[in-house]
Every structure is written in C-alpha cells, then in structure tokens.
Amino acid sequence: MPDRIPGLTIMRTDSSTCYASPEPAEIDSTVGDTDPRAPISMTPPDVDGDISDDLIPPLEVHADVETFEETLTNATESIAEAFTANASADLRDRTREWVDAHGVGEVDGDPVETVIAPQAALAVLLRATLFDACHDEELTPEKAERAFRADASSKTSPAVGWCVLDDVAWLAGAADLAPVIAARHDLRESTVPSADLGKLYAAVIDSDARQTLSQFRTPQWAGRAIRAWAANNDETMLDVGVGAGALSAPFHPSWSLHGEPRHVVGIDRSRLSVLLAETTLTLSNQSHATLETDFLGTTRADLPATPDAIVSNPPYTSHDRLDGDDKQRWCEQVRREAGADVSKHSPLYVYFMIHAETLVDDGTRVAFLTPQSWLQKQYGHELKEFLLDQFDIKALIRVDPEEESLFPAANTTAVFTLLEARSDPDPANETQFITVDDKGYSTLQKSMYSTATDDTDWGTINTVEQSALTATENWQARFDPIERDVSHLLKLSSLASVRSVPQTGSVDVFCLSHDTVEAYGISTSHLSRLARRPADITGYVLQESDWIAARDAGKEVWLLDPGKLPELPETMDEFVRQYEAGALTTNSASGQATPDSAGGQTHVTTGTGSDHENPFKYLYDSIREYDLRDNYTCRNREHWWRPTRRDPAPVIYNNAAQGQSRFVVNEAGLRTTNSFFEININLEGVERKALLAYLNSDIFGEVAAQFSESHTGGMEKHSVTTVRQFPVIDPSNVSEDIVQGLADAFDSLRETARHSDSHDQIIDTIGALVQRAIEQTRPN
C-alpha cells in the first residue's frame, strides 16, 4: 500500500467530457470518456470478509505484467517471422524510417526483432484495451484489425492514428495475436495502469533501445508527488513526454483527490507513446487530450488551453547523439524565443526546460525531473541564467546520491526542479536545495512542502535567497555547502597544466595483460607500460615495483602501441581484407609497403621472423571479436591501430572516485587511460611537494567536492575544466616553515601509505599546516 497522502480532501466527480479528435494526419488529440468516480467512505472495508458489495475498490490492483510479457514475447516471434516472410518493400522502408526517426538505428541486432516486433505486439494490446474501454460490442480476433482501423480513422472515438506498427503486427495471423487481444481484460482490472504499462514497456522493449533514447521510467511514487505539487488543484496540466503517464495518471481511477488537475494534456512525438498515454489515462478515468507532436515545435495555439501546470521527465539524450542540424535549429529557436544562448553541448532536456517557459503565464507551476549534471556543467550556465530571470526557483530536490539511482538503468543522480513562472522574479524568493534520505512518496512530498531551513528527520535543507545565486557557480555544491572561505586562493591552472588523456577507444583491445602479450608473442617494442585503473594504485606515488606487482597479478599493464610499423591500411576493412588475402605476411625480410594489384591499395609485407606479424594477428582477431569497426574513437583518430601517443605525465589524478581522489606522483613513468587527468606542476623542490601535500589534504577534499558532479553510489566526478578551477595555495606566498613542513609531511605520507593504512596522524598534520597556509595568504 502506498504512503498515506496527508492533507488532501477527497471529492466526487459528477461529470466527464469527451472531445473529438482531428484526422490522424493532423495532430492526434484524443480525450478519454470517464465514468463518475466513487467517493471514499471513512469506514475501511472488512478485509477478512466478502467486500464485493463495498463501495470502496481496492487501493491498488496490479495487472500480471509477467504473464503479459510472456504473451507479448510469443506474439513478437510470430510477428518477426511474418515480417521476414511477407513484408513488402514499402513496409520495410517505412519500418526503417520508424527506427531511424526514433533514434534506435544503432541498436545491435535486427531492428525488426529487437525494436519493431515487440512494439507492434504492445500496440495490439493497447488498441484492444482502448476498444474495450470505449465500446460495448464484443471484440473477436477475427474482427479486431477492422475494428482498430475504424477507431484509428474515427473523428469521435478516442483512439490514436494507424501507423507502421499496426501494419507490421497484422502481418501475423489473428490466431497468433488472439492471446494479446484477450489480455485486455486483465489490463482493464488494473487500478495503476501507468505503473503496469510502464513496467511492461520496460520489460518487452529492448533495453539498449530505451537507453539509446535515454528513456527512463519515472517511479510511481515520484510521479505522484510531482503531479500533486505542480497541479495544485488547477484546471489544466501539461505532461511533456507523457509516455505511460507516470506524471499525469490520477491516484486512483475511482477517486478524485483535492489538488489533482481536472484536465491533462499529454504530448509525445512517438505514436506508440501517445497510445500508451491514451490507454493509461482512459483506464484511469482522467479527462485528457493527447497530442502527437514535437514539443519543441509546440506553441500555445496548438494546445487546447493555456496550461496551469507543466510536468515532465524529458528525454536525457546527450548532445553527441543529437543531429547537428537539429541542434542548430533548436539553438536558434531558444535564442529567438527566450533570448537564451544555449551551448551545442547541451543535452536535449535543456531545450525542453527553456521552451516550456513560452507556454506559461505568471504563477504557472513547472516541475522537471532531470539529471543534476546541468547544475555543475558548463552548458548549465545559460540554463541557470534563464531560470533565474524567468522563474521563482522554489526547490531543487535530490535523493541521496550515495544510494542507488532513481533510475536503475542510468548512472546519474536525478534532481526534481520545482519552479513558478514569474515575468519579474522575486529577488527575496528563497530557493531550497534539498537532499532526501530515501525514496518514497511521503518523504518526497514532505520535502516539496517543507518550510524547514536545516536538517530534518527525512533529509537536509540548505535555503538560499535566489538573488544570491549566480549562473556560473556550481549549484550542486549548494546541497552540501562548506563554511570554509577559499575565494582568495589561486586556481590550480595558475600553477599547473591539466590535460585529459586521449580516449583509448576499446580498453578491452588496447589494454593487455602480460598473459595476453605472451600468448600472442607481441614484442615490447609494440607496447607501453600502463596504469589502467585508479583502483590499481594504492598510495600517493606510482613506482616500478607497483607495476611489476600488477603485472604478476594478471592485470592489464600493457598498452598496445605498435612502433616502427610499415604503413598500415587506413581502414580496418582494408586491413582485414589484406590480412585474409595473405598480403600482410612474409614476403620480404625488411617489411616494405607494396602496391596491391587487386585494388591499387598499399599493403604491408613482412619478413620471416619479423615481430610485425604477431601484433597484426592480435589486431585482426580483435577487430572481429570486439566489433572494433563500430568503435567511433578508433574509426576517427589518426591511427586506428593504436591510441594517440602522449608522454607519461609526472602527476596523475583520477577523475572519478567514491570519496576523495588522489594526486599521485608517477615516478614509474607509466601511460594511463582516460580514467586519469595528466598534471604537470610548474614548481620545483619543496614548493612542489607542499602543493602536493595540500592537494591530498582532507581540507582540499572538502573544497574539491564543491566542484564535483555527484553520481550514483557516492561517485564524485570531475571535468578538466573544474580541476583547473580548483582553489590552491601558492607556496611562494606562504612562510618558509609552513612550506617545509608540508613538504616533509608529504614525504612521510607517500612512504607510510605504501606500507600501512595508518597515516591519519600525518593527514592531521597536513590539515593543520594547510589551514595555517590558507589563513596566512588571506588578504587583510
């Protein structure tokens, strides 16, 4: 049973409205016909007796999603087989267009089997359920296709236009789809169709496809809390990216709760998502309209009414998965509409958050559920500036980032952003940065309405006047602020260079264990020594003995870095072709590049005993085993067969860690992967050691946390930009005795940490000296 909703009044609904839909070729806008909702009796039902005549329906009745999943899986197989055998060229073209339009063309495997067929089977279930809910006539499998087509083209029936999924589904016979059609009866019994359909969608739709689209299902408790806060008993609520209606479905189909919206408008660009929403909201007895359209192209004129509230869990699609022309168009659009200059590195949800403002009036409540990365990233500066100018920012709420993600399939910490539109935001408005300790409706609902200003029994609150917030600061640090003032310190970039390590491409291919090297007989002339993972480094200095210990433990300690090779083919396809043709084998003792008479390409010949053949064999096997040709980094760098070369950095810093990251002296001169940043400190002697002591102090750990991006499980991540901005002491402005003390303490720390975990006293000594250095350099 869900948590009790405090402070809500139950009301009876005595009327419902049915709206006509335009032609499917236009925007699909359909509203379910709802029955009156039953009032709540204050007397609980007799749970031990016969309650069939009780006016109160069960609070939650779930459909058997596992049985549905099995039914749809069986139908999927029949649909895929029928498609392979009978699909016309036109239908195949339309299927490919659907896959491409939904951004899942990169999904591994056959798109028909992994994407289209499961969606087609689900569409049959949804249409059958809608038909049953809106018609009194009996539905048989033999008559279903004709009935569904009639509904899809009707101007009065609440259905969604016909699409390629339907044509694909009905390639299978009525007998194959009969179990799916019959399942509608069980789905109609659900009192939580949004939760059940969302779970079913996640179960039957390929997870790679959903993650490619950055589709993450909103938990039921979170959706209810967002809806209750945003709607605030208003007339019309707009749900952007409505999907299965997790943010817009009412608490119960038979009840009307005070605070819920009278009417819901759901927007989604996918017809399947609109069909999901239409089914959910119809079964939920919620007055509604659904629009199949691109939200970023939606204007007020497209909506049935100006929304009194907007809610959204928008797609999280990252900038590198967005089409370049689309990004350019959206950037120009938000600049024109809102005067906002948005970075082309912005994920899709940033455009959604800005565009929403064009649809609201003063006082409209807006609630978004997104990753919290915009609070800290560079691309978030423009968004924060826009929100400060156009809204009273009421609260930013996150679930404790040290716990598992709100979305199990996403490695991100989610943030609930609660806004009220204001043409002239109140500078005295207080913005709450809230961390709740656990998941659940009751906790989240309390945080949304809390007036506390400090710690509570359910979480922590930091309240800040909106006028004190700036767009360029890291808002993520506001959740857990520190009292220490380090604003007078230099940036690390003043004393050191910081660089990211070029991407390896495929670590499984280019990072090798010693066993793999010996198995292929690869010469060390084609290898560089490697520190692959931060977890492989235990102290504050990386020495030769550490690399030997990692090698003997079977870890990946070699980076494939072929040296003095003859010129290789420019593409992996050509390399494979020449290798299989024997063109990369023993034709000369010196290893010369010779023309390929078959294709005019250059190929490599190597002599007997040449050590080129062994890395060639390894590359050939890896291309086939690891699909190296699909690796973007390998395809687009100068040399596909090796990572970009870089001299080993004197100091390395792991860019993500649970707890404090360490600045490690790289005495062994090892190459690294892009799990590290390369640091070159422009200081010598005791000043260099003093700075390293500061960078590895607990005090600096607190400071660095204010620049980090929190991820699930307590992972703190940094970018090159934020590392360069780290506040640091300038040893040249610190007294000689403190600098020498810090240098000596760092020497002790690096030696002690190699042999023991008991170095707390040294850390404490460094902390005391760092505090003195910070105060000593503070301006009078």
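Start with the whole protein chain: of its 780 residues, 54% are buried (under 20% relative accessible area, 1.4 Å probe, protein chains only). This is a predicted model, where local features need pLDDT of at least 70, side-chain atom pairs count only at pLDDT 80 or more, and totals for chains, interfaces and linings use all residues. Residues are numbered from 1 along each chain as its sequence is written, and side-chain values use heavy atoms, with hydrogens and water left out.

Colour by secondary structure next, and you get 26 helices and 27 strands (DSSP runs numbered from the N terminus: H or I of at least four residues for helices, E of at least two for strands).

Now select α12 (residues 324-338) and α13. Their axes, lines fitted to C-alpha atoms over the stretch in contact, sit 10 Å apart at an angle of about 25 degrees (on a 0 to 180 scale between N-to-C directions). α12 and α13 are therefore roughly parallel, a label for angles under 35 degrees. Show side chains: K327, W330, C331, Q333, V334, E337 and A338 of α12 meet L348, Y351, I354 and H355 of α13 (contact means heavy atoms within 4.5 Å).

Keep α13 (residues 348-355) and add α14 (residues 380-390): these axes come within 11 Å and cross at roughly 15 degrees. That pair is therefore roughly parallel too. On the α13 side, pick V350, M353 and I354; on α14, pick L383, F386 and L387. I354 is worth a label, as it appears in the α13 contact with α12 and in the one with α14.

Key
Parallel < 35°, antiparallel > 145°, perpendicular 65-115°, else oblique. Buried < 20%, exposed > 50% of the residue type's maximum accessible area, 1.4 Å probe, protein only.
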